[in-house]
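Please study the sequence and the model shown below before attempting the exercises. Each task is followed by a worked solution.

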Amino acid sequence: MATPTTPALASRALSYEWIKFRSVRSTVWTTAATAALPVLGAVFVAATGSLQPDDTVLGGSLTLSVVAQMLAAVVGALVVTGEYSSGTIRTTFAAVPRRGTVLAAKATLVAAVMYVLALLSCSAAYVVGSAMLPDGRYAQGDPLPALFGIAASFAVAAVLGLAVGTLVRHSAGAVTTVIGVLLLPSLFGPLFGDAERWIAGLSPTAALEKLTQTSDATADTVGSLGPWPSLLLVTACTTALALAALLLLRRRDA
């Protein structure tokens, strides 16, 4: 049998990952919840009139986007830890021996799925919020190009979850760790003095809150970097963690 070329192997790996992604209930339901939460949050905020006077329509409509982003990270973790729990990771590596190709396929899949879902869901949430909230009472915010950055932050969170899942290999431990990674920089950033703007801005959650232009995104909680520099910083850190996960994946047994 001829050895598949690299593009063919990558395509096959991506096809396998898509089949597995659609076949696991926990992944499917968590993904569905990720897509639904922003819209539900927009309806709740508008219906209860709980938006703060100094907030924006965009920020208020995406109140639950932070929780949704955490679920996106959980999805990324489950994509790999579920296979370790069931033992099917050995079958995956038998079908696609190049472990880097497997991890790249998983990262491509979760990033693409979360980007598209987040863009559609958060855009819908903004439209719903704009329609339900009183005209002229709140600043609208600037949805473009912010919504594209918001969707990208979901994709980054999913890849971060995948990297943590690859390192930890246990579902409960990976979920706990990735949620901690999302929350701890904002909690401990103020303790680092002048470095606070970097530490507090290391989380995808920080970049998301800045991009939504919510009044809660203060320098004390999410760092003083701008939204796009913060997203770039988070992407760079996530890429570094994914590379570390790849190195460890290649060195240890399945």
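The exercises below concern a predicted model.

**Exercise 1. Salt bridges and their network**

Task: Determine which residues are linked in a network of salt bridges, and describe the pairs.

Solution:
- Step 1. The structure holds 4 salt bridges.
- Step 2. Begin in helix α1, where lysine 20 and glutamate 17 lie 3 residues apart, about one turn of the helix. Their side chains form a salt bridge with an N to O distance of 2.9 Å.
- Step 3. Glutamate 17 also meets lysine 106 in a salt bridge, again described by an N to O distance of 2.9 Å. Because lysine 106 lies in helix α6 (residues 99-132) and glutamate 17 in helix α1, this pair ties together parts that are 89 residues apart in sequence.
- Step 4. Lysine 106 forms a salt bridge with glutamate 83 as well, the closest N and O atoms being 2.3 Å apart. Here helix α4, which holds glutamate 83, is linked to helix α6, which holds lysine 106; the two residues are 23 apart.
- Step 5. Taken together, Glu17, Lys20, Glu83 and Lys106 are linked in a network of salt bridges.

**Exercise 2. Burial of the network residues**

Task: Decide whether lysine 20 is buried, partly exposed or exposed, and do the same for lysine 106.

Solution:
- Step 1. The cut-off needed is that buried means under 20% relative accessible area, while exposed means over 50%.
- Step 2. Lysine 20 has a relative accessible area of 24%, so this residue is partly exposed.
- Step 3. Lysine 106 has a value of 2% and is therefore buried.
- Step 4. The partners can be treated likewise: glutamate 17, at 4%, counts as buried, and glutamate 83, at 6%, is buried too.

**Exercise 3. The two pockets**

Task: State which elements give two or more residues to the lining of the largest pocket, and describe the second largest pocket.

Solution:
- Step 1. The largest pocket has a volume of about 280 Å³. Its lining has 16 residues, of which Lys20, Val24, Val79, Glu83 and Thr88 are the closest to the centre.
- Step 2. Two or more lining residues come from each of α1 (6-23), α2 (25-48), α4 (65-86) and α5 (89-95). The largest share, 5 residues, belongs to α4.
- Step 3. By class, this lining divides into 6 nonpolar, 7 polar and 3 charged residues.
- Step 4. The second largest pocket has a volume of about 210 Å³. Of its 15 lining residues, Asp55, Gly59, Thr63, Thr214 and Asp216 are the closest to the centre.
- Step 5. At least two residues of that lining are supplied by each of α3 (57-61), α4 and α10 (204-212). The lining comprises 4 nonpolar, 8 polar and 3 charged residues.

**Exercise 4. Backbone geometry**

Task: Identify which residues are joined by a cis peptide bond, and give the phi values of arginine 169 and glutamine 213.

Solution:
- Step 1. Most residues other than glycine have a negative phi, and most peptide bonds are trans.
- Step 2. Leucine 144 and proline 145 are joined by a cis peptide bond, with omega about 5°. Proline 145 belongs to helix α7 (residues 143-168).
- Step 3. Arginine 169 has a positive phi near 70° and lies in the loop between α7 and α8.
- Step 4. Glutamine 213 has a positive phi of about 60° and is found in the loop between α10 and α11 (219-222).

Technical notes:
Residues numbered from 1 in each chain as written. Predicted model: local features only at pLDDT ≥ 70, side-chain atom pairs only at ≥ 80, totals over all residues. Heavy atoms only, no water. 1 Å grid on protein atoms, 1.4 Å probe; cavity = no way out; pocket = protein on both sides within 12 Å on 5 of 7 lines; lining within 4 Å. Points joined across faces, edges and corners; volume = space filled by probe spheres on them. Helix = DSSP H or I, 4+ residues; strand = E, 2+ residues; numbered from the N terminus. Nonpolar A, V, L, I, M, F, W, Y, C, P; charged D, E, K, R; others polar. Buried < 20%, exposed > 50% of the residue type's maximum accessible area, 1.4 Å probe, protein only.
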